[in-house]
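User: I'd like to go through this one with you. Can we take it piece by piece?

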Amino acid sequence: MQRFVPVLRNDNVDLDLISLINTLMASCKEISFRLHQGELADILGSTLDENIQGETQKKLDVISNQLIKDILLESGLVRAIASEEEDTIVAGSENGRYLVCFDPLDGSSNIDINSLVGTIFSIMEVPEGQTGATEEMFLQPGTQQVAAGYVLYGPSTQLVLTTGNGVRQYTLDNTIGEFLLTNEKMIISEDTQEFAVNMSNQRFWQAPMQQYISDLIAGDTGTRDKNFNMRWIAAMVGDVHRVLTRGGIFTYPTDTKNPKQPNKLRLMYEANPMSFLVEQAGGVSSTGYQRIMEIQPTEIHQRVAVILGSKNEVDTCLGYHK
Ligand code: AFP
């Protein structure tokens, strides 16, 4: 099985970018190790702090953020980072070519139940001729990403990565500490009978999503004329991994549950990187009204509605929004 760096070299990926991803993976291997130590390492549970989103920070959110932040800022390759766990961007090296957005530990409510979590990342280049490190530099649409991926900390630790030439999956071999290529080309099936949504929010959704999900649930007794199954991991990284592996539609739609926060998922470090992966694997990713990767961001912690997955099923869902 091939190691991850030579695979990227064969793909003619820029050597600095390979080096950056490799550096990022060093921190993910450390997170993987600590997660697997679990309760033995006294890293479960919450801190007394909240992040910028008003969410209680788990100890592992803070540890993971620190590990990734330190290694990226020391690499010399990164101009600045934006993280779910940081209020503002953090400047790195003046000569760094790259901007990295990340969610250090997505699905953190799963930590204490020993369930799926993951690190999601998106990499862009500093716009031509710009000096210093500013939030404006980050406000580029997802189409500008040069790499995106996630590391899923499950029964095995897997890296799923795109640099714009398809999606590959690597599995961490703990005996040698390397990510080895285990799927050369991830493709999302065009059709599916599986959907992922938090059904407890149903009454808060807008009419098109209410109708679409009702029709899925009606199954072969309704207009869809086939039965659907539902899965919800409560970690986007786990749900999207399932979609990439065996197809499906995943959505976190707009809702009125908290009028101050109509959308839950973060554009820069959740929706954009996942959309890049999904599109590279042949799927579709939209807010319902716009391709996610074409959204012009207005701030780094911006939230969006997300509908992504199997092409034909997402297209059907989008049909309800017209
Ligand atoms: P946290 O990492 O803050 O726990 O949030 C995870 C997440 O943003 C996303 O990964 C899940 O799809 C979604 O929240 C789950 O949300 P619900 O708890 O509302 O189902």
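**Helices, ligand and loops**

Analyst: Let's start with Val237, which lies in helix α6, residues 236-246. Keep in mind that this is a predicted model.

User: Is Val237 buried or exposed?

Analyst: Val237 is buried, because its relative accessibility is 0% and the cut-off for buried is under 20%.

User: How far is Val237 from Tyr150 in space?

Analyst: The C-alpha atoms of Val237 and Tyr150 are 7.2 Å apart. In sequence, 87 residues separate the two.

User: And how many residues of α6 are buried?

Analyst: Nine of the eleven are buried, so α6 is largely enclosed by the rest of the structure. The buried set runs Met236, Val237, Gly238, Asp239, Val240, His241, Arg242, Val243 and Leu244.

User: What comes just after α6?

Analyst: Gly247, with a positive phi of about 85 degrees.

User: Switching to the ligand. Which residues are closest?

Analyst: Asp106, Gly107, Asn198, Met236 and Tyr252 are the closest, out of 17 that surround the ligand. Met236 is also one of the buried residues of α6.

User: Which side chains put a polar atom by a ligand oxygen?

Analyst: Among them are three. Tyr252 has a polar side-chain atom 2.6 Å from a ligand oxygen. For Asp106 the distance is 2.7 Å. For Arg266 it is 3.4 Å.

User: How much of the ligand does the protein bury?

Analyst: The protein buries 86% of the 480 Å² that the ligand exposes when taken alone.

User: What classes of residue make up the shell?

Analyst: Seven nonpolar, six charged and four polar residues.

User: Which strands and domains supply the shell?

Analyst: Strands β5 (98-106) and β14 (265-266) each give at least two residues. Domain 1 (4-183) and domain 2 (194-321) each give at least three.

User: New topic: α2. What is its span?

Analyst: Helix α2 covers residues 15-37, 23 residues in total. From first C-alpha to last, α2 reaches 33 Å, close to the 33 Å expected at 1.5 Å a residue.

User: What caps the N-terminal end of α2?

Analyst: Asp14 does. One of its side-chain oxygens lies 2.8 Å from the backbone nitrogen of Asp16.

User: And what follows α2?

Analyst: Gly38 sits just after α2 and takes a positive phi of about 50 degrees.

User: Which α2 residues are buried?

Analyst: The buried residues include Leu17, Ile18, Leu20, Ile21, Leu24, Met25, Ile31 and Leu35. Thr23, Ser27, Cys28 and Ser32 are buried as well.

User: What about Ala26?

Analyst: Ala26 is found in α2 too. Ala26 is partly exposed, because its relative accessible area is 37%, and that class runs between 20% and 50%.

User: How far is Ala26 from Gly177?

Analyst: Their C-alpha atoms are separated by 9.2 Å. Along the chain the two are 151 residues apart.

User: Last topic, backbone angles. Which residues other than glycine have a positive phi?

Analyst: Asn12 is one of them, with phi near 60 degrees. Asn114 is another, also with phi near 60 degrees. For context, most residues other than glycine have a negative phi.

User: Where are those two?

Analyst: Asn12 is in the loop between α1 (4-10) and α2. Asn114 lies in the loop between β5 and β6 (117-125).

User: Are Asn12 and Asn114 buried or exposed?

Analyst: Asn12 counts as exposed, at 70% relative accessibility. Asn114 is exposed, with a relative accessible area of 72%. The cut-off for exposed is over 50%.

Terms used:
Residues are numbered from 1 along each chain as its sequence is written. This is a predicted model: local features need pLDDT of at least 70, side-chain atom pairs count only at pLDDT 80 or more; totals for chains, interfaces and linings use all residues. Side-chain values use heavy atoms; hydrogens and water are left out. A residue is near a molecule or strand if one of its heavy atoms lies within 4 Å of it. A polar contact is a pair of N or O atoms within 3.5 Å; within protein, one must be able to donate a hydrogen and the other to accept it, and residues adjacent in sequence count only if both atoms are side-chain atoms. Accessible areas come from the Shrake-Rupley method with a 1.4 Å probe; for residues, only the protein chains shown count as cover. Helices (H or I, at least four residues) and strands (E, at least two) are DSSP runs, numbered from the N terminus. Ala, Val, Leu, Ile, Met, Phe, Trp, Tyr, Cys and Pro count as nonpolar, Asp, Glu, Lys and Arg as charged, and the others, Gly among them, as polar. Domain bounds come from an automatic or database domain assignment. The expected span of a helix is 1.5 Å times one less than its number of residues. Buried means under 20% relative accessible area, exposed over 50%, partly exposed in between (1.4 Å probe, protein chains only).
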